[in-house]
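Open the model in your viewer and keep the sequence panel visible. The stops below can be selected one after another.

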Number of protein chains: 2
Amino acid sequence: MGRRERKKMRTREALIDAAFELFSAKGFDATTVEEIADAVDVSSRTFFRYFASKEDVALTFQEELMHGVLDAFAARPADEPVMTALRRAVVSVCHTCEAGGLGFDPGRFTCLLQLTNESGTLMAGSLEHTQKKMELITRAVARRMNVDPAADLRPHVVASTIGCGFQAAVEAMHSADLGYTSLAEAADDAFAILENGVNFASAPADGTADGPADTGGGAAVGADGGVKDDVKARKNAGVKVTAAGRG
Amino acid sequence: MGRRERKKMRTREALIDAAFELFSAKGFDATTVEEIADAVDVSSRTFFRYFASKEDVALTFQEELMHGVLDAFAARPADEPVMTALRRAVVSVCHTCEAGGLGFDPGRFTCLLQLTNESGTLMAGSLEHTQKKMELITRAVARRMNVDPAADLRPHVVASTIGCGFQAAVEAMHSADLGYTSLAEAADDAFAILENGVNFASAPADGTADGPADTGGGAAVGADGGVKDDVKARKNAGVKVTAAGRG
DNA sequence: CCTCAAACTGTCATGAGATGACACTTGTCG
DNA sequence: CGACAAGTGTCATCTCATGACAGTTTGAGG
């Protein structure tokens with residue numbers, strides 16, 4: 001690798017560093033591309049030669065994360081059901097990131113969550129990015145299920161739950177009452193819910209709440225029905241997931 | 001209602017009409033706000049007094065749709081499990097829209113789907129809009145489950161599946177091989193999958209595919225396990241959902 | 001009817017994001 | 001070294017978006 005390549009990489013890293021420093025100091029929207037570029041002493045034009053947009057510099061990490069999940073998902077034992085494998089893949093990658101792995105400054109990881117939550121622009125970019133990766137995820141899921149994604153809707157639905165799970169997890173992180181301190185933990189619980197089924201019984205405000213009620217349609221799931229997995233067992237013994245369950 | 005109110009409403013309608021006409025003719029990104037404004041003979045500045053952004057004019061319909069779903073969801077019988085109620089609410093609203101209800105020009109409805117799929121900007125805006133409505137949906141779900149959304153992660157996960165289901169449905173619409181012709185139909189199938197559980201068994205490429213395999217974790221779901229609902233029974237008798245199932 | 005205040009609109013100015021064109025500098029390789 | 005490619009800066013331009021201000025329309029009330 002020649003000097004040119006090295007220099008490019010250094011500039012890129014410097015831009016990311018400067019960007020995050022400014023973002024966390026002033027917020028995403030209040031930071032201009034020119035400021036980022038100036039901090040690294042390049043022109044704004046050059047910034048856009050490294051990143052397609054201002055969001056893009058923040059989304060770099062999401063890209064890494066997503067690929068990490070895809071790799072981990074592919075590496076799961078072949079006999080794990082899809083959502084189980086997906087949950088474990090997501091959780092392991094989150095753990096890695098929060099521990100500073102995959103080139104993640106651990107502080108910057110949580111900073112990114114904060115930024116995404118604060119800025120609508122960044123949130124939109126993040127969601128769109130996830131959406132653009134959908135095809136990859138769908139293919140990975142379909143491969144594991146051994147079905148054709150062009151002819152089967154199921155892998156599409158399963159794949160889209162990854163965004164859904166993350167979203168719920170991030171939301172949970174920002175809700176003080178739920179008391180999560182790590183994304184891995186929140187994601188574990190969120191994906192466990194998806195794994196065990198989400199068709200929870202309705203509990204009319206009157207009288208006996210929460211009893212399994214199959215009245216409506218197919219496969220209603222009780223408050224803590226079907227929980228036998230290692231991690232979930234630990235979780236469900238605690239307060240968060242079933243805080244209001246069968247109270 | 002005075003003349004002023006009426007005039008405002010007419011301008012607003014005219015802007016929407018002009019916008020959609022231009023969008024479908026030239027695409028979302030290629031259409032400028034100035035063009036839309038000119039077509040109605042107002043200044044671009046005025047456009048931004050009616051709509052916060054260019055996306056906003058298109059997202060008007062999504063807003064209607066979302067509120068329609070929330071209303072329909074609240075109106076479902078109290079004994080239906082949450083995902084069953086959510087699926088039926090979504091499907092009924094989609095039907096209504098595709099039939100031209102709720103002030104939806106039926107052609108414009110499909111046009112919107114097309115536009116959203118083509119333009120990244122619009123896609124991002126659409127996703128962000130859904131995300132912003134999350135709190136409302138979560139509250140509605142929590143109310144039905146009779147749990148406290150601040151202390152229970154489940155309603156958050158359930159709520160976020162609405163975006164997930166729509167996304168899969170829209171994707172299915174744009175995949176010719178799946179052969180859907182109406183969003184209601186696609187959404188029905190997508191939400192049915194969520195309703196019945198998504199933790200499908202992995203099917204190793206070798207030998208016996210698709211048999212229920214509980215080996216991995218909790219509650220693995222067979223290819224067509226737990227299907228007893230009216231609509232799903234119809235669907236699953238066909239080709240789409242289980243095209244590759246137990247073949 | 002007439003007047004006044006509020007609401008609505010147009011014009012102007014401004015700023016940020018993003019992109020194309022073109023010239024200049026710097027690294028690479030023969 | 002010298003030719004060629006890659007990377008960068010400068011300049012121009014477009015679009016989205018917003019604030020300020022002035023002119024016009026409209027509704028309400030004397």
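The tour goes from one whole chain to a pair of helices and then to a DNA strand.

This is a predicted model, in which local features need pLDDT of at least 70, side-chain atom pairs count only at pLDDT 80 or more, and totals for chains, interfaces and linings use all residues. Residues are numbered from 1 along each chain as its sequence is written, chains are lettered from A and ligands numbered from 1 in the order in which they are written, and side-chain values use heavy atoms, with hydrogens and water left out.

**Stop 1: chain A**

Select chain A and show it as a cartoon. Chain A has 11 helices and 0 strands; these are DSSP runs numbered from the N terminus, with helices being H or I of at least four residues and strands E of at least two. Of the 247 residues in chain A, 55% are buried (under 20% relative accessible area, with a 1.4 Å probe and protein chains only). Among contacts in chain A with a separation of 6 or more, 60% join residues 24 or more positions apart; contact means heavy atoms within 4.5 Å.

**Stop 2: two helices of chain A**

Select residues 82-98 of chain A, which form helix H5, and residues 183-196, which form helix H10. Their axes come within 9 Å and cross at roughly 175 degrees, so H5(A) is roughly antiparallel to H10(A). Axes are lines fitted to C-alpha atoms, for helices over the stretch in contact, and angles run from 0 to 180 degrees between N-to-C directions; over 145 degrees counts as roughly antiparallel.

Now show side chains. Residues of H5(A) that meet H10(A) include A:Leu86, A:Val90 and A:Cys94, and their partners in H10(A) include A:Ala187 and A:Phe191. By class, this contact has 11 nonpolar, 2 polar and 4 charged residues. Ala, Val, Leu, Ile, Met, Phe, Trp, Tyr, Cys and Pro count as nonpolar, Asp, Glu, Lys and Arg as charged, and the others, Gly among them, as polar.

**Stop 3: DNA strand C**

Which residues are closest to DNA strand C? Select A:Arg3, B:Lys8, B:Thr46, B:Arg49 and B:Tyr50, the closest of the 22 residues that surround the strand (a heavy atom within 4 Å). The residues of this surface divide into 5 nonpolar, 6 polar and 11 charged, and H3(B) gives the largest share, 4 residues.

Finally, zoom in on the phosphates. A side-chain N or O atom of B:Lys8 is 2.8 Å from a phosphate oxygen of DNA strand C. For A:Val33, a backbone N or O atom lies 3.1 Å from a phosphate oxygen of the strand.

Conventions. Parallel < 35°, antiparallel > 145°, perpendicular 65-115°, else oblique. Polar contact = N/O pair within 3.5 Å; in protein donor to acceptor, adjacent residues only side chain to side chain. Buried < 20%, exposed > 50% of the residue type's maximum accessible area, 1.4 Å probe, protein only.
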